[in-house]
Amino acid sequence: MDKVIIADNLSLAYSDDETIINKVKFSIDSGSFVFITGASGSGKSTLLKSLYGALNPQEGSLVVGGVELRGVSNSKLNFLRKHIGIVFQDYKLVKEWTIEKNIMLPLLINGYEKGVTNNQVDSLLKHVRLKHQAGKYPQELSGGEQQRVAMARALSHNPILILADEPTGNLDDYSAELIWNLLVGANEQLKTTVMVVTHHIPENIKVDYKHYHIEFGRINEVN
Amino acid sequence: MKSIKNHLSLVIALVSILFSIQILVIAERSIDTYKEKLANDYSIIVVSQKNLDASNLMQENAIIGKITSLSPDDVIKRLNTGMSKKNIELLKLTLPKFYNIKLKYYPSSSEIKMLTRKLLRKSSISKIENFSHSHDSTYKLLLLFKKVITIFSVSMLVVTMLLIFKELKIWQFKHNERMNIMGLFGAPLWMRSAILFRLSIVDAIIASFVSFILFTYIASDSWVNEQFEYIGIQVKIFDPLSDLLLLTTVSIIVSIVLALFIILGHKEEV
């Protein structure tokens with residue numbers, strides 16, 4: 001099976017004297033669903049940041065979607081980011097854009113045609129049950145609704161990999177369930193690789209998943 | 001409403017800059033027109049023992065616009081106490097020649113001194129009246145007016161620029177956030193910056209348009225025109241073609257420079 005992420009002897013740090021992830025080795029199969037758990041400050045989010053190139057590896061090698069991220073050039077990083085979808089705990093929506101335009105962002109960056117873009121956005125708005133809010137601005141929506149917009153944006157361009165950082169951390173049950181269903185749906189129907197960083201794996205999640213736990217800078221698969 | 005708010009802060013700052021620039025242009029134009037008027041009213045009287053070669057003098061002194069010979073008839077009329085026609089003709093020949101010299105433009109004090117010195121070097125020229133005292137006071141008043149206007153406009157420009165630099169941090173924060181989010185989805189720098197440049201150019205055009213309306217109104221205001229009439233000049237307060245072109249160019253350059261500042265100050269979020 002193809003590997004979408006390959007980490008070899010990977011170390012991550014924000015400064016030279018404080019290594020957060022220490023010489024870890026792991027790989028993620030394409031089309032798998034993966035949970036990364038760990039205590040607060042264990043390095044879960046740091047690992048996720050390195051996967052979308054916001055943090056350069058201090059040591060070792062990290063290959064995502066065939067792109068080596070250690071010392072990666074801007075053009076290669078942009079190429080990779082065009083093919084991944086990211087969901088953040090704080091949503092990261094553009095405040096001065098309507099939710100429709102926010103969802104459209106990856107499609108515009110990837111140069112999709114206007115007709116395709118409009119159809120895709122329309123379909124996603126229905127999926128996240130926000131069709132009636134299309135023209136609103138993010139700050140006019142609740143936290144749960146904003147996260148649904150962020151989820152729709154992450155799915156809009158059919159990415160090969162979805163990275164989600166505590167996607168249901170502050171959400172109501174309804175929005176949380178919708179987010180999990182969308183993630184599972186993308187994984188099962190589109191064979192998108194999904195990696196979720198979370199404190200707790202939902203008990204009722206209906207998907208075969210792999211579970212990695214981060215502790216003391218090391219990453220271990222949990223059986 | 002939200003979109004108006006997004007544009008307002010930069011548009012106001014740009015209008016303020018354009019206003020200062022146009023005031024400087026009007027001051028410069030008024031002074032030039034006034035100088036022209038003064039030049040028309042101003043002349044130098046030259047007394048020569050022989051006839052002067054006007055074209056030669058004009059060639060030697062580029063500042064000279066016109067030389068006219070003054071008729072001695074008035075002087076002779078006052079002296080004429082029963083002189084014969086023959087004696088009058090004789091007197092005419094012995095009287096010095098008077099010339100009125102008009103200049104091409106209103107000269108500075110040093111230019112007058114230099115011209116006087118050059119003319120006096122001619123052996124035939126015995127006396128020159130350049131009315132330097134009244135010229136000096138008018139010229140100094142003109143310079144003072146120009147300085148006051150320049151100081152006022154430059155101060156306005158400096159204050160506006162300081163305000164813009166203060167606002168720049170807010171703009172930087174606002175655009176940084178959007179640029180970071182776009183970057184997370186793989187937008188290249190040109191695409192992240194394109195929105196900013198488009199906004200800047202739109203704001204620059206809005207500011208130019210507002211200035212156009214403002215100065216078109218001022219130019220048509222009767223009170224403003226009366227003030228110029230009082231000093232006997234007619235000044236084009238706003239040229240809808242050349243001035244609008246100048247203001248739009250300045251406006252676009254300033255807003256593009258500001259956009260570049262924001263882009264250069266953009267930091268990727270980690």
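Start by selecting K44(A), T46(A), L47(A), L48(A), S50(A) and L51(A): these are the buried residues of helix α1 in chain A. You're looking at a predicted model, by the way. Show the whole of α1(A), residues 44-51, and you'll see a helix that is mostly covered, with six of its eight residues buried. Step just past the end and click G53(A), which follows α1(A) and has a positive phi, near 80°.

Next, the nonpolar cores. Pick M195(A) and bring up its surroundings. Skipping neighbours within four places in sequence, M195(A) touches L48(A) and L51(A) from the helix you just left, and its contacts also include I5(A), F26(A), I36(A) and L163(A). Add I28(A), V34(A), I162(A) and A164(A) to finish that contact set. M195(A) is one of the residues with the most contacts inside the largest nonpolar core, along with I5(A), F26(A), I36(A) and L163(A); that core has 45 residues. Now colour L124(A), L130(A), L171(A) and I205(A) in something else: they are among the 37 residues of another core, lying apart from the 45-residue one.

On to a helix pair. Select residues 143-155 and 173-190 of chain A, which are α5(A) and α6(A); their axes come within 9 Å and cross at roughly 10°. Angles under 35 degrees count as roughly parallel, so α5(A) is roughly parallel to α6(A). To see what meets what, show sticks for G144(A), E145(A), Q147(A), R148(A), M151(A) and L155(A) on the α5(A) side. Across from them, on α6(A), show Y174(A), S175(A), L178(A), I179(A), L182(A), L183(A) and A186(A). Colour this contact by class and you get eight nonpolar, three polar and two charged residues.

Then grab α3(A), residues 99-109, another mostly covered helix: eight of its 11 residues are buried. The ones to select are I99(A), N102(A), I103(A), M104(A), L105(A), P106(A), L107(A) and I109(A). What do the buried residues of α3(A) pack against? Turn on chain B to find out: they pack against α4 (114-127) and α5 of chain A, together with α6 (132-184) and α7 (189-220) of chain B. Just after the helix, G111(A) takes a positive phi of about 75°.

With chain B showing, finish at the interface. Here 26 residues of chain A are in contact with 19 residues of chain B. The two chains bury about 1,900 Å² between them, 63% of it on carbon and sulfur atoms. For a last selection, take R81(A), E96(A) and I109(A): in chain A these lose the most area to chain B, together 29% of what that side buries.

Notes: Residues are numbered from 1 along each chain as its sequence is written. Chains are lettered from A and ligands numbered from 1 in the order in which they are written. This is a predicted model: local features need pLDDT of at least 70, side-chain atom pairs count only at pLDDT 80 or more; totals for chains, interfaces and linings use all residues. Side-chain values use heavy atoms; hydrogens and water are left out. Axes are lines fitted to C-alpha atoms, for helices over the stretch in contact, and angles run from 0 to 180 degrees between N-to-C directions. Helices (H or I, at least four residues) and strands (E, at least two) are DSSP runs, numbered from the N terminus. Angles under 35 degrees count as roughly parallel, over 145 as roughly antiparallel, 65 to 115 as roughly perpendicular and the rest as oblique. Contact means heavy atoms within 4.5 Å. Ala, Val, Leu, Ile, Met, Phe, Trp, Tyr, Cys and Pro count as nonpolar, Asp, Glu, Lys and Arg as charged, and the others, Gly among them, as polar. A nonpolar core is a set of buried Ala, Val, Leu, Ile, Met, Phe, Trp, Tyr and Cys residues joined through side-chain atoms within 4.5 Å. Buried means under 20% relative accessible area, exposed over 50%, partly exposed in between (1.4 Å probe, protein chains only). Buried area is the accessible area (1.4 Å probe) that two parts lose on being put together, summed over both.
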